[in-house]
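Thank you all for making the time this morning. I would like to walk you through one model, beginning with its ligand site and then moving out to a few places in the backbone.

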Amino acid sequence: MTTERIDLDSVAAQLAELRDRALLEIADAVDPTALDRVETAYLGKKGSIKSLLRHMPALPAEDRPRLGSAANAAQDAVDAAVSERRVRLESLALEVRLAQEATDATLPGRPLPRGSLHPSLEINREIARIFGQFGFTVYEGPEVETDELNFQALNIPDDHPARDLWDTMYVANEAPEGQRYLLRTHTSPTQIRVMEQQKPPIRALMPGRCFRYEAVDASHQFEFFQVEGLMIDEGTTLAHLRGLLDQFVAALFGSPRPTRFRPGYYPFTEPSVAFDVQCLICDGAGCPACGRSGWMTILGAGMVHPNVLARGGLDPERYQGFAFGMGPERIAMLRHDIHDIRTFLDNDLRFLEQFR
Ligand code: PHE
């Protein structure tokens, strides 16, 4: 039987070497998992420091306690280094996290694309604001309307030639007997809805989208806005309409301007007029924009026809009223000198961004 020849110095030297290697590996551990691995390798039950103790029996008895305390000292040193490294790794991780989450308040902000109201809506709001000052309240009617309200209730029976004034898009779907749906060709049917819902005095403003089966060109679009106005009371006259419209023109264009009524025709008003404003571009001298007439037409209007009042449930002997209808796009065109109504629906940002 051979006894392993071993002495304290050589074991102590191995111990020192193990400890130093452990300390190096601890310093190199880049994350907690790597550190755990080093810890188990040196300090674990089967760790290398413990396994050196297997030499214990081969040592002379008086050397054994010294090996024991040398091993303890080595373990303590490694243990302390592991704890220290663990704290360090944690604080490094925190630093990294903070750096990742940090905001640099000195960076210039990213520009946010800012939208704006579509020019048609913008002008609608402005018209509503002006009439609001005269006590008008905004009402809205449906875009898909009945033939009954769009035409018949407005004094335009089936097969009446006046229907030719409006190129209509009908809706192909099931409708109750004797009824037809269409995309409203004007906002005038909302007049009836308001009369049915409210008793005079009535002051209503009815903006909304309208549709016509148009041959589209620079001044005709198949989809456009209208703003309808309706005022009904006892003793309402055309003079009230004229006064109101003159005030409207002054507010819309910034100062009073000459205006005029011309005779017009609508089946649902009698008498009917076209309302003109002195040309904004040539001040009446005559230019290409006003067809050399010096005037620009901005709306159609008239006294509400007695048949229409009666259809709305009002007594035409007692009440009179006026109604008007204007095209906000046309007004925006006058105001901003826009020459083609199609630009309103083109969705071209180069056009739209000019109205911020
Ligand atoms: N509804 C008419 C149109 O679309 C305009 C109008 C409204 C005329 C109210 C008179 C009264 O042309």
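**The ligand site and some backbone details**

Let me begin with composition: sorted by class, the shell around the ligand holds 6 nonpolar, 7 polar and 2 charged residues. Please keep in mind throughout that what you see is a predicted model, and that the values I quote are computed from it.

In total, 15 residues surround the ligand, and the closest of them are His186, Ser188, Arg212, Gln226 and Glu228. Which secondary-structure elements each supply at least two residues of this shell? They are three strands, namely β6, which covers residues 223–233, β9, which covers 295–304, and β10, which covers 320–326. Of the contributors, β10 gives the most to the shell, with 3 residues.

Let me now turn to individual atoms. Two side chains approach nitrogen atoms of the ligand: a polar side-chain atom of Ser188 is 2.8 Å from a ligand nitrogen, and a polar side-chain atom of His186 is 3.0 Å from a ligand nitrogen. With Arg212 the partner on the ligand is an oxygen atom, which lies 2.9 Å from a polar side-chain atom of that residue. How much of the ligand's area does the protein bury? Taken alone, the ligand exposes 320 Å², and the protein buries 93% of that. As for where this happens, the ligand sits in the largest pocket.

I will leave the ligand there and move to the backbone, starting with the cis peptide bonds. One of these joins Pro200 and Pro201, with omega at about 0°, and Pro201 belongs to the loop that runs between α7 (189–197) and β5 (202–211). Another cis peptide bond joins Glu270 and Pro271, where omega is about -5°; here Pro271 is placed in a strand, β8, which spans residues 269–278.

Next come residues that have a positive phi without being glycine. Asn155, in the loop between α6 (147–150) and β3, has a phi near 75°. Asp337, which is likewise not a glycine, has a positive phi of about 55°, and it lies in the loop between α10 (328–336) and α11 (349–352). Is Asp337 buried or exposed? With a relative accessible area of 43%, Asp337 falls in between and is partly exposed, since the cut-offs are under 20% for buried and over 50% for exposed.

Finally, I would like to set two residues beside each other, because they bring together position along the chain and position in space. Gly178 lies in the loop between β3 (169–171) and β4 (181–183), and it counts as exposed because its relative accessible area is 77%, where the cut-off for exposed is over 50%. Its C-alpha atom is separated by 9.3 Å from that of Glu148, although the two residues are 30 apart along the chain.

Asn72, by contrast, is found in helix α4, residues 64–101, and is partly exposed, with a relative accessible area of 46%. How far apart in space are Asn72 and Ala128? From C-alpha to C-alpha they are 91 Å apart, with their positions 56 residues apart in sequence.

That brings me to the end of the tour, and I am glad to go back to any of these places on the screen.

Note on methods
Residues are numbered from 1 along each chain as its sequence is written. This is a predicted model: local features need pLDDT of at least 70, side-chain atom pairs count only at pLDDT 80 or more; totals for chains, interfaces and linings use all residues. Side-chain values use heavy atoms; hydrogens and water are left out. A residue is near a molecule or strand if one of its heavy atoms lies within 4 Å of it. A polar contact is a pair of N or O atoms within 3.5 Å; within protein, one must be able to donate a hydrogen and the other to accept it, and residues adjacent in sequence count only if both atoms are side-chain atoms. Accessible areas come from the Shrake-Rupley method with a 1.4 Å probe; for residues, only the protein chains shown count as cover. On a 1 Å grid over the protein atoms alone, a cavity is a set of points where a 1.4 Å probe fits but cannot get out, and a pocket is an open set with protein on both sides within 12 Å along at least five of seven lines; lining residues have an atom within 4 Å of a point. A molecule sits in a cavity or pocket if more than half of its atoms lie within 2 Å of its grid points. Helices (H or I, at least four residues) and strands (E, at least two) are DSSP runs, numbered from the N terminus. Ala, Val, Leu, Ile, Met, Phe, Trp, Tyr, Cys and Pro count as nonpolar, Asp, Glu, Lys and Arg as charged, and the others, Gly among them, as polar. Buried means under 20% relative accessible area, exposed over 50%, partly exposed in between (1.4 Å probe, protein chains only).
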